Structure formats: structure tokens, C-alpha cells
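Visitor: Could you take me on a close look at one part of this model, the pocket, and show me what is built around it?

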Amino acid sequence: MTVSFQYYSNNEHGSDDYRFSHEKDAQEKFLSLKALIEVQFQGCSNAEIIDEPDFYGIIDHNTGDWAKVIIST
């Protein structure tokens with residue numbers, strides 16, 4: 001399984017991919033990154049959130065900043 005994390009903030013962007021042989025480990029990483037995103041966008045007054053079992057993302061429509069995490073097989 002692969003967990004992919006991508007972000008754009010303050011004109012900087014990045015991405016990381018994490019590969020796991022066990023689903024439990026991948027789920028834990030997904031949830032950890034989801035929590036990180038939630039903290040980073042805490043207090044955004046114009047944020048759009050997509051929360052699916054295999055995808056979590058937030059975009060701040062005021063700044064254009066965004067982050068997402070995806071889990072896939």
C-alpha cells in the first residue's frame with residue numbers, strides 16, 4: 001500500500017510517498033498525516049474539506065494553500 005502526501009503553502013510545494021507492506025501501517029500513516037493537515041488548516045475561515053476513506057484534503061480558498069493525503073493499493 002502507498003500513502004501519498006502533497007501540499008502547497010506560501011508558494012512552496014512538496015510531496016512524499018510512503019510504501020507499506022501491511023495495511024495497518026499504511027492506515028496509521030494516513031491518519032497521522034490527516035491529523036497534521038487538520039492542525040495546519042485549523043482556524044481557516046474559508047476552507048473546503050474532502051474527507052473520504054482513502055482521500056483527505058483541505059483547500060483554503062482565501063490563500064490558495066492546500067494539502068491532501070491519499071492511500072492506495
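Guide: Sure, let's start with β1, which gives the most to the lining of the largest pocket: four residues. Keep in mind that this is a predicted model. β1 covers residues 2–9, and along with α1 (23–40) and β5 (66–72) it belongs to the elements that each supply at least two residues of that lining.

What about the pocket itself? Its volume is about 200 Å³. There are 14 lining residues, and the ones closest to the centre are Y7, S9, Q40, F41 and A67. Sort the lining by character and you get nine nonpolar residues, three polar ones and two charged ones.

Now zoom out to the strands. Here's a bit of background: strands of a sheet pair through backbone hydrogen bonds, and they can do that in a parallel or an antiparallel way. In this model, five strands make an open sheet with antiparallel pairing, and the order is β2-β1-β5-β4-β3. So follow that order with your finger, and you'll find β1 and β5, two of the pocket's suppliers, side by side. At the edges sit β2 (12–19) and β3 (47–52), each pairing on one side only. On average, neighbouring strands of the sheet are turned by 5° against each other, if you ignore direction.

Over at the β3 edge, β3 pairs with β4 (residues 55–60) in the antiparallel sense, over six bridges. There you can spot A47 standing opposite D60 of β4.

Last comes the helix. α1 lies across β1, β2, β3, β4 and β5, and it runs at about 170° to β5. That brings us back to the pocket, where α1 and β5 both supply lining residues.

Technical notes: Residues are numbered from 1 along each chain as its sequence is written. This is a predicted model: local features need pLDDT of at least 70, side-chain atom pairs count only at pLDDT 80 or more; totals for chains, interfaces and linings use all residues. Side-chain values use heavy atoms; hydrogens and water are left out. On a 1 Å grid over the protein atoms alone, a cavity is a set of points where a 1.4 Å probe fits but cannot get out, and a pocket is an open set with protein on both sides within 12 Å along at least five of seven lines; lining residues have an atom within 4 Å of a point. Grid points are joined across faces, edges and corners, and a volume is the space filled by probe spheres set on the points. Ala, Val, Leu, Ile, Met, Phe, Trp, Tyr, Cys and Pro count as nonpolar, Asp, Glu, Lys and Arg as charged, and the others, Gly among them, as polar. Two strands pair if DSSP finds at least two bridges between them. Axes are lines fitted to C-alpha atoms, for helices over the stretch in contact, and angles run from 0 to 180 degrees between N-to-C directions. Contact means heavy atoms within 4.5 Å.
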